[in-house]
Structure formats: structure tokens, C-alpha cells
Amino acid sequence: MITRDTGIEKTFTKAKLPVEVLEHSYTILDTSEGSVFLHVNHNIQSGGASTGNVYISDASGLSYSLSLPFNHRDKGGKCDFEKVEGLEGIYLANFVDVDEKEKEESTSEQPETGIGEKKKARKNRQ
């Protein structure tokens, strides 16, 4: 639920992810550039490590699209996702590389490093 109201009475609106997802937790990764980067924790692996998907919002913060699947999250809850200071729209992230057969299951493979550029909100998003 999201609100932009600053007064005592707030009106909340439900955020829209691209698909119905099974989630264990959420982490807001960054909001500094007009969009929200949101990590949704989907898979808890043995030892507490997990993966989740990183979603990016439109300018309203209500509608989200998938930006990075299988983002690595350690057993302490820290997501491998960092904004590069001084370079607008540039982020570094780790993801777990799984083959098609393993995508439905949790995996314990080591994360790989990926470099992603912020995606601009599309005109057809609501």
C-alpha cells in the first residue's frame, strides 16, 4: 500500500506488480531518481540465503515491472544491489544464474555480478 499524503488522514493505494507473486518480504532498495526499486524476496534457501526479484516503479510509485530476476539476498537480509554514486541511473547487482529447469526451485549457486542501467518508465504503464 502506498500513500503520498502527508496529513493525518492518509489515502492508501495498492501497488501493482506485473504478476501475483509469493513473497516472504520486501526491501526498498532506492528511491533517489524518481522511481522505486523494490526487492521482493521469493525464495528462502537453506542457511537463510535467498533470491528475489527487483522491480522498478513508474513515476507514481504504483505500477511496477520486472527489472532483475533472481537478485541475491544474504541470510542477514542484505540485497546485492548498490547505486553507483556520481553516475545517475547506474546500479551494481548480483544475481543467481539458474538454468530453465531450476527457475521454479530454490538454488544455492553463487551469485554473479551484473551491471544494470535504470529503465525509464514506459508511456503505456499506468
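This section describes the overall fold of the chain, an aromatic cluster, and the surroundings of several residues in strands 4 and 5 and the loop between these strands.

The model is predicted; local features require pLDDT of at least 70, side-chain atom pairs are counted only at pLDDT 80 or more, and totals for chains, interfaces and linings use all residues. Residues are numbered from 1 along each chain as its sequence is written, and side-chain values use heavy atoms, with hydrogens and water left out.

The chain contains seven strands and zero helices, where strands (E, at least two residues) and helices (H or I, at least four) are DSSP runs numbered from the N terminus. In sequence order the pattern is β-β-β-β-β-β-β. Of the 126 residues in the chain, 36% are buried; the term denotes a relative accessible area under 20%, with exposed set at over 50% and partly exposed in between (1.4 Å probe, protein chains only). The accessible surface of the chain is about 8,300 Å², and carbon and sulfur atoms account for 51% of this area. Accessible areas were obtained by the Shrake-Rupley method with a 1.4 Å probe, and for residues only the protein chains shown count as cover. Contacts are defined by heavy atoms within 4.5 Å. Among contacts between residues at least 6 apart in sequence, 40% join residues at least 24 apart.

A search of the whole structure returned three aromatic pairs. Rings of Phe, Tyr and Trp (its six-membered ring) are paired if their centres lie within 6.5 Å; planes under 30 degrees apart are classed as stacked, over 60 as edge-to-face, and the rest as tilted. The pair of F37 and F81 is tilted, because the ring planes stand at 45°, with the centres 5.3 Å apart. This pair links distant parts of the chain, with F37 in strand 2 (residues 37-44) and F81 in strand 5 (residues 81-83), 44 residues apart. Both F37 and F81 are buried. F37 also forms a tilted pair with Y91, at 4.6 Å centre to centre and 50° between the planes. Here strand 2 is linked to strand 6 (residues 90-96), which holds Y91, and the two residues are 54 apart in sequence. Y91 is buried, as is F37. F37, F81 and Y91 together form one aromatic cluster.

Strand 5 and strand 6 pair in the antiparallel sense over three bridges, the criterion for pairing being at least two DSSP bridges between two strands. One such bridge joins E82 to L92 in strand 6. The two strands form a hairpin with six residues between them, and G86 in the turn has a positive phi of about 90°.

K83 is located in strand 5. With a relative accessible area of 23%, K83 is classed as partly exposed. The charged end of K83 sits over the ring of Y91, 6.0 Å from the ring centre; this assignment requires NZ of Lys or CZ of Arg within 6 Å of the ring centre and within 35 degrees of the ring normal. Leaving aside neighbours within four places in sequence, K83 is in contact with D30, S32, E33, I90 and Y91. The side chains of K83 and E33 are joined by a polar contact of 2.7 Å. A polar contact is a pair of N or O atoms within 3.5 Å; within protein, one must be able to donate a hydrogen and the other to accept it, and residues adjacent in sequence count only if both atoms are side-chain atoms. The C-alpha atoms of K83 and S32 are separated by 9.4 Å, with these positions 51 residues apart along the chain counted as their separation.

Strand 4 (residues 64-73) contains H72, and F70 is found in the same strand. H72 has a relative accessibility of 15% and therefore counts as buried. F70 counts as buried at 16%. Phi of F70 is near 55°, a positive value in a residue other than glycine. Most residues other than glycine have a negative phi. The side chain of H72 makes a polar contact of 2.9 Å with the side chain of D80.

K78 lies in the loop between strand 4 and strand 5 and is partly exposed, at a relative accessible area of 43%. Not counting residues up to four places away in sequence, K78 touches H72 and R73. The side chain of K78 makes a polar contact with that of E82 at 2.5 Å. K78 and S50, 28 residues apart in sequence, are 10.0 Å apart in space, C-alpha to C-alpha.
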